[in-house]
Each structure stands twice: as structure tokens, then as C-alpha cells.
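Visitor: I would like a close look at a single part of this model, with the cut-offs stated as they come up.

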Amino acid sequence: MVKVKRKPLEEIAESVKGYTKILNVGCGGCVSVCLAGGQREVKTTNAELTLLFEEKGINSRVDGYTVERQCNAACLEELDDLVVRYDCLLSMACGAGVQMLAERYPSKPVFPAQNTVAIGVDREIGVYEEKCRACGRCVLAYTGGIWIPCAWNDIYIRLKQQNRLDDIKKIHLAMEWQNSTPRTIVQPQYEHLYAKEEK
Amino acid sequence: MKKNTKGVDHRKIKNILDKNKAKIELSMKACAHCSMCAESCFLFQARNKDPRYMPSYKFLKTLGVIYKKKGKVDRVTLEEMKPILWKRCVLCTRCYCPMGIDIPYLIRTARSICRSQDVYYRYDEDA
Ligand code: SF4
Ligand code: SF4
Ligand code: SF4
Ligand code: SF4
């Protein structure tokens with residue numbers, strides 16, 4: 001899933017500076033799994049922020065609310081009545097969630113509380129490793145399930161072990177780094193619903 | 001904040017129920033217990049068709065109970081719903097009901113009620 005790491009408290013505080021009523025929105029999806037942006041982390045972040053505001057004599061208040069998924073419009077519905085009561089929003093979700101919030105509430109400033117790091121795997125509790133950069137043209141079929149930048153030596157060893165060394169002799173087209181522009185995904189079985197009408 | 005002896009703020013639950021009343025009521029009335037939604041849930045399939053993974057079971061045993069009791073549930077009851085709501089459903093929204101019941105919405109609303117009482121699944125709690 002998406003892996004994130006919370007921004008330093010000072011940076012978060014700096015971004016919401018000047019706003020009196022702040023709503024910190026958590027996400028019950030990936031960021032809950034990587035223990036960084038779920039309901040519990042919203043609570044701890046808000047406690048830290050409140051303390052910092054007190055120390056600095058800042059007259060701001062931060063409340064929290066966690067939705068099941070910030071990247072899904074239906075999950076944001078329950079926020080609609082709440083958001084109007086706040087001056088700005090802080091998002092504990094990944095970058096996709098932050099943008100979805102900003103899109104739904106265009107009149108409210110939305111600030112990210114996380115640095116979105118990677119698509120990754122869970123190693124231990126609280127330990128996550130980057131595994132994918134969403135390049136848009138997966139090469140794992142011929143790299144023995146090892147991601148290229150992770151080293152050709154590992155790829156060689158695994159393919160040899162699986163008797164698939166032929167796979168690295170194949171010539172492939174140069175990688176198109178499709179992740180250099182924002183992409184939209186439409187699954188094939190739904191394409192007919194969204195196909196542009198021909199004139 | 002007014003809290004009852006069992007540590008549940010019923011006003012918050014009532015607010016959520018009221019806000020969603022029409023849709024919840026309609027869904028509870030419309031459910032024919034036909035279990036046709038079961039086939040569309042990958043978790044039901046993956047768990048050897050264990051009936052406790054049926055989408056209808058999941059919303060009836062959680063939101064259905066809360067709704068019937070008009071929100072007057074205690075903390076133990078909410079804690080018992082937690083595994084149904086978080087471990088037996090991933091909110092993938094793939095379940096399909098021919099009656100048009102929005103099952104993920106019902107499960108989400110039940111989660112939201114639990115969350116309002118600080119009852120939610122922590123991904124490091126089984127570790
Ligand atoms: S908003 Fe980001 S963190 Fe939350 S569920 Fe969606 S992708 Fe995962
Ligand atoms: S090749 Fe691309 S899609 Fe496949 S794992 Fe690497 S970054 Fe992800
Ligand atoms: S939710 Fe729909 S498909 Fe499932 S049991 Fe009820 S009526 Fe049948
Ligand atoms: S949303 Fe939940 S009940 Fe519906 S298909 Fe997905 S896991 Fe099953």
C-alpha cells in the first residue's frame with residue numbers, strides 16, 4: 001500500500017499558522033495500516049499541536065475526524081457538514097487524499113501533514129520498504145520479481161535459481177517513465193461507460 | 001460532554017443515525033435476506049463461504065443492531081462489532097445487491113459510529 005511518514009511538527013504548525021480553527025482529517029486506509037495517519041495518529045498529532053500552540057501562545061484549536069478513505073468521494077460525504085465550521089484542513093492521508101479534500105472543498109485551504117514516500121511492503125510493525133514507483137509499465141515479468149534499480153545481481157541470482165535466465169537476454173523497449181505526468185486509470189470492463197463520443 | 005455510565009456518548013451515535021435515517025431505514029426494510037450479495041464479496045469466497053462474511057450479515061449484525069436499538073448500545077457491543085466491521089470487510093465496494101442496497105455505505109456508517117466512540121481497528125493490535 002501507500003507508505004507515508006509524518007512531517008515534523010514544526011513544519012505542520014508553520015503551514016497552518018494564522019488559522020484559528022483547524023480540522024485534522026485522518027484516513028482509515030493505507031496510512032492507518034502504516035500507523036501514520038489513522039484515528040489514533042490524528043489524536044496524537046493534535047495533542048502535540050495543541051501543546052505547541054500553548055507553548056507559543058498561539059490562539060488556534062485543532063480538532064480531528066477520520067474518514068474511511070480520503071481518496072473516495074463517497075467517504076468524504078460525512079465531512080461536508082463539519083468542514084464549514086473550520087478555517088482550514090490538515091490531511092493525514094497520502095497525497096491523493098490531500099488532493100481529493102482540496103478538490104471537494106475548494107474554498108478551504110488544505111495542508112498535508114504527511115510526506116508520501118512510496119508504494120511499499122510491510123516488513124515489521126512500523127517498518128516499511130519501498131517497492132514500486134508506479135512507473136506505469138511494470139517490468140517485473142522479466143526481472144524475476146525484482147525491481148530494476150534494486151540491482152541486476154539480485155535479478156540474475158533469482159532468475160538463475162528459477163531457470164529463467166533467458167528472460168534477461170530479451171531486448172525490451174526503453175522504459176517510458178509514465179509517472180512523469182498525472183495519469184487516470186479506467187479498467188477495461190468500464191471503458192464503454194466513459195468512452196468519448198465520436199462526432 | 002454527557003456520557004452515560006457505560007462510557008458511550010449516545011448523543012453522537014444518535015446524530016449519525018439521524019443524519020442517515022432515511023437511507024438506513026430504507027435499506028433495512030429492503031433487505032430480503034436473499035444472500036445474493038454473498039457471491040460478490042471476495043472475502044466471502046476466500047473464507048470458504050463462511051456466512052459471517054456475507055455482506056448482509058456484516059451490516060445487519062452491526063448497523064442493523066445499532067439502528068434497532070436506536071443507538072442505545074454499550075461499549076462492549078461496539079467492541080464486538082469491530083472485527084466484523086474491520087476484519088471481515090475491507091470496504092472494497094465491490095458487493096452488489098439487486099435491491100439496490102448500498103452495502104459499503106452501511107458498513108462505513110457503522111464504522112463511523114464506532115469511531116465516534118473511539119472504537120476502531122489499530123493495525124498493530126494483533127502483533
Ligand atoms: S487517501 Fe491515500 S492513504 Fe488514504 S486510502 Fe486513499 S491512497 Fe490510501
Ligand atoms: S517496474 Fe514500475 S510498476 Fe513495476 S514495480 Fe517497478 S516501478 Fe512499480
Ligand atoms: S443486501 Fe441485498 S443481496 Fe444481500 S441479502 Fe439483502 S437484499 Fe439480498
Ligand atoms: S465492501 Fe466489504 S462486504 Fe462489500 S465486497 Fe468488499 S469486503 Fe465484501
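Is the crossing in which helix 1 of chain B passes helix 6 of chain B left-handed or right-handed?

Guide: This is a predicted model, in which local features need pLDDT of at least 70 and side-chain atom pairs count only at pLDDT 80 or more, while totals for chains, interfaces and linings use all residues. Residues are numbered from 1 along each chain as its sequence is written, chains are lettered from A and ligands numbered from 1 in the order written, and side-chain values use heavy atoms, without hydrogens and water.

Helix 1 of chain B passes helix 6 of chain B in a right-handed crossing (the near helix is turned clockwise from the far one by less than a right angle; anticlockwise would be left-handed). Helix 1 covers residues 10-19 and helix 6 residues 103-116 of chain B (helices are DSSP runs of H or I, at least four residues; strands are E runs of at least two; both are numbered from the N terminus). Their axes come within 9 Å and cross at roughly 160° (lines fitted to C-alpha atoms over the stretch in contact, with angles from 0 to 180 degrees between N-to-C directions). Helix 1 of chain B is therefore roughly antiparallel to helix 6 of chain B (over 145 degrees; under 35 is roughly parallel, 65 to 115 roughly perpendicular, the rest oblique).

On the helix 1 side, the contact (heavy atoms within 4.5 Å) is made by Lys12(B), Ile13(B), Ile16(B) and Leu17(B). Helix 6 of chain B supplies Thr109(B), Ser112(B), Ile113(B) and Ser116(B). By class, this contact of helix 1 with helix 6 of chain B has four nonpolar, three polar and one charged residues (Ala, Val, Leu, Ile, Met, Phe, Trp, Tyr, Cys and Pro are nonpolar, Asp, Glu, Lys and Arg charged, the others, Gly among them, polar).

Another helix pair in chain B can be set beside it. Helix 4 of chain B and helix 5 (residues 75-87) of chain B pack at about 150°, with axes 9 Å apart, so helix 4 of chain B is roughly antiparallel to helix 5 of chain B. The crossing of helix 4 and helix 5 of chain B is left-handed. Among the residues in contact are Lys61(B) and Val65(B) of helix 4 and Met81(B) and Leu85(B) of helix 5 of chain B. The contact of helix 4 with helix 5 of chain B has six nonpolar, one polar and two charged residues.

Helix 4 (residues 55-68) of chain B also holds Ser56(B). Ser56(B) is buried, at 6% relative accessible area (buried is under 20%, exposed over 50%, partly exposed in between; 1.4 Å probe, protein chains only). Leaving aside neighbours within four places in sequence, Ser56(B) is in contact with Cys31(B) and Cys37(B). Cys31(B) is buried too, at 13% relative accessibility.
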